[in-house]
Amino acid sequence: MKTCSRSSPQTASKSLEALQAASEIAERKRTEAALQKTRDELERRIEARTAELTGANERLHLELLEHRHLEEALKKVQEDLEHQVVARTADSLKTIELLMKRVIAERKQAEKALQAAEQELKMQRALVIHSDHLRSLGEMAAGIAHELNQPLTGIRVLAEHFLIGLDRGWNLTEGRIRDCLRMIVEQSDRMSHVIDHIRVFSREAGRPEVRPVQVNDVVRSGMDMLDIQFRSRGVELACDLAEGLPPVSANPFSLEEVVLNLLLNARDAVEERLKEEGGAASPHILIRTRAEGGGEDQRVNMEVIDRGVGIPAEALPKVFDPFFTTKGPDRGTGLGLSVSRSIVEGFGGIIKIQSTPGQGTDVTVSLPAMRRET
Ligand SMILES: Nc1ncnc2c1ncn2[C@@H]1O[C@H](COP(=O)(O)OP(=O)(O)O)[C@@H](O)[C@H]1O
Ligand SMILES: [Mg+2]
C-alpha cells in the first residue's frame, strides 16, 4: 500500500506554481523554436527571391543597355538617312528644275510649231475646199450644159419657126405670135434660173454664212443639177423626203456641195457595178430625209443610199482622209468626202458611212435641228 506523505496546503500551492511556471517556460521555448523556424524559412525565401530579383535586374539592365545601343544605332542610321535624303532632295530639286526648264522650253517650241502647223492646215484646208469646190463646179457644168441646152433648143426652134413662117408667107396670127414669144420668155427665164444658181453657188459655197435652211430644198436643188446628167447615163435617182422637217442652221450652197459630192460618189459606184455586172446590177440611188429624236436633241438626217460596188472593209476607215481615192486621176481627187465632212462638222453635224462590198453604200449626214420659235 502506497503511502502518501501529507504536506501542508502552502507547500502544495508552491509546487503547483512551480509546475505551471515550468510548463509555461517549456511552451514559450516551443513557440520561440517554431518562430525561429518560420523566421529562418522566411529569410531563406527572401534570400532566394532576392537572388532571383538580382538576376532579373541584371538581365533587365543588360537588356536596357542593349536597347539603348540599338536606339543609338537606329538614330545614327536615321540621321544618315536624313542626310542622304536632304542631299538627294537637293540634287533631285536641281534636276527637276532643269527638267522643268527644258520641258517649258520644249513646250514653247511645240506650241510655236503647232501654231505654224495649224496655220498651214488652215491654208491647206482652204485650198482643198477651193479645189473640191472647183471640181463640183466642173461636175455641175455637165448638168448645166444639159439644163441650158433644152430651153436653148426650144428658143431656137421657135425662132426658126418664125423665120420659116416669114419666108413662106404664113399668116401668123397675133395670138400665135404671143404664144411663141411667151414660150421664148419662159425658156429664157429657165436659163436665167440655172445661170443664177451656178453664179450664187460659185460665189457662196466657198464662204459659208449660216442661216435657217430646209434640207429638202437643198436636196431638190442638188438633184436638179444632176438629174438630167444621171438620166442620160442610165442612172436612176429617186428621193423620199419627209414632210414638215425642222430647219437646220447651215449655208445652203455648202450643204448642196455635200449633196453633190455624195450623189457623184453614188453615181460612180453604181456605174462601176454596172460595168462589172452589166444588166444584173440595179443602177439605183435613193436620197432620203428624216427627222430623228425630239426636243433639244432633234436632228435632221439626210441619207444617200446606192446599190453600187460598195467599199472594201480595209478602205472604209480611210475614205474621209484627204486625197484618198480608188478612182483614176481623171475621175477622183479624193477630196469629196473629206471636204463634205469638214462642211458638215462646221454646221455642228456628223457624217457616217456604212457599206457592204458588192451590195452598196449608205452615207448619212445628221444635222442638229434648229429649235422652232414658240
Ligand atoms: N458611195 C460610194 N460607194 C463606193 N465607194 C465610195 C462611195 N463613196 C466614196 N467611196 C470611196 O471613197 C473614196 C473617197 O471618196 P471621195 O473623198 O469622194 O473622193 P473621190 O470620189 O474623188 O475618189 C472613193 O475613191 C471611193 O473609193
Ligand atoms: Mg467623190
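**Exercise 1. Find the glycine with a positive phi in the hairpin of S4 and S5, and describe how these two strands pair.**

Solution. The model is predicted.
Step 1. Six residues lie between the strands in the hairpin of S4 and S5. Within this hairpin, Gly293 takes a positive phi near 70°.
Step 2. Strand S4 covers 284-292 and strand S5 covers 299-306. Their pairing is antiparallel, over eight bridges.
Step 3. One bridge can be located by residue: Ala291 has Val300 in S5 as its partner.

**Exercise 2. Work out how S7 pairs with S5 and with S6.**

Solution.
Step 1. Take S5 and S7. Eight bridges connect them, in the antiparallel sense. Arg299 has Pro368 of S7 opposite, and Val304 has Val363 of S7 opposite.
Step 2. Take S6 and S7, the latter being residues 360-368. They run antiparallel and are joined by seven bridges. Lys352 is bridged to Thr364 in S7.
Step 3. Look at the turn. The hairpin of S6 and S7 has three residues between the strands, and Gly358 there takes a positive phi near 85°.

**Exercise 3. State the order of the strands in the sheet and name its edge strands.**

Solution.
Step 1. Recall that strands of a sheet pair through backbone hydrogen bonds, either parallel or antiparallel.
Step 2. Read across the sheet: the order is S2-S4-S5-S7-S6. These five strands form an open sheet with mixed pairing.
Step 3. Look for strands that pair on one side only. These are the edge strands, S2 (236-241) and S6 (350-356).
Step 4. Consider the twist. On average, neighbouring strands are turned by 15° against each other, direction ignored.

**Exercise 4. Determine which strands H4 lies across, and whether H4 and H5 are roughly parallel or antiparallel.**

Solution.
Step 1. Place H4 on the sheet. H4 lies across S4, S5 and S7, and runs at about 25° to S5.
Step 2. Two packed helices are described by the angle between their axes and the distance between the axes.
Step 3. For H4 and H5, the axes come within 9 Å and cross at roughly 150°.
Step 4. An angle over 145 degrees counts as roughly antiparallel, so H4 and H5 are roughly antiparallel to each other. Their crossing is left-handed.
Step 5. List the contact. H4 contributes Ser254, Glu257, Val258, Asn261, Leu262, Leu264 and Asn265. H5 contributes Gly336, Leu337, Val339, Ser340, Ile343 and Val344. By class, the contact of H4 with H5 holds seven nonpolar, five polar and one charged residue.

**Exercise 5. Describe the shell around ligand 1: which residues come nearest, and which element gives the largest share?**

Solution.
Step 1. There are 23 residues around ligand 1, and Asn265, Ala269, Thr325, Gly332 and Gly336 come nearest.
Step 2. The elements giving two or more residues to this shell are helix H4 (252-277) and helix H5 (336-346). The largest share, four residues, comes from H4.
Step 3. Sort the shell by class: nine residues are nonpolar, 12 are polar and two are charged.
Step 4. Connect this with Exercise 4. Asn265 of H4 and Gly336 of H5 also take part in the contact between the two helices.

Technical notes. Residues are numbered from 1 along each chain as its sequence is written. Chains are lettered from A and ligands numbered from 1 in the order in which they are written. This is a predicted model: local features need pLDDT of at least 70, side-chain atom pairs count only at pLDDT 80 or more; totals for chains, interfaces and linings use all residues. A residue is near a molecule or strand if its C-beta atom, placed from the backbone, lies within 6 Å of it. Ala, Val, Leu, Ile, Met, Phe, Trp, Tyr, Cys and Pro count as nonpolar, Asp, Glu, Lys and Arg as charged, and the others, Gly among them, as polar. Axes are lines fitted to C-alpha atoms, for helices over the stretch in contact, and angles run from 0 to 180 degrees between N-to-C directions. Angles under 35 degrees count as roughly parallel, over 145 as roughly antiparallel, 65 to 115 as roughly perpendicular and the rest as oblique. A crossing is left-handed if the near helix is turned anticlockwise from the far one by less than a right angle, and right-handed if clockwise. Two residues are in contact if their C-beta atoms, placed from the backbone, lie within 7 Å. Two strands pair if DSSP finds at least two bridges between them.
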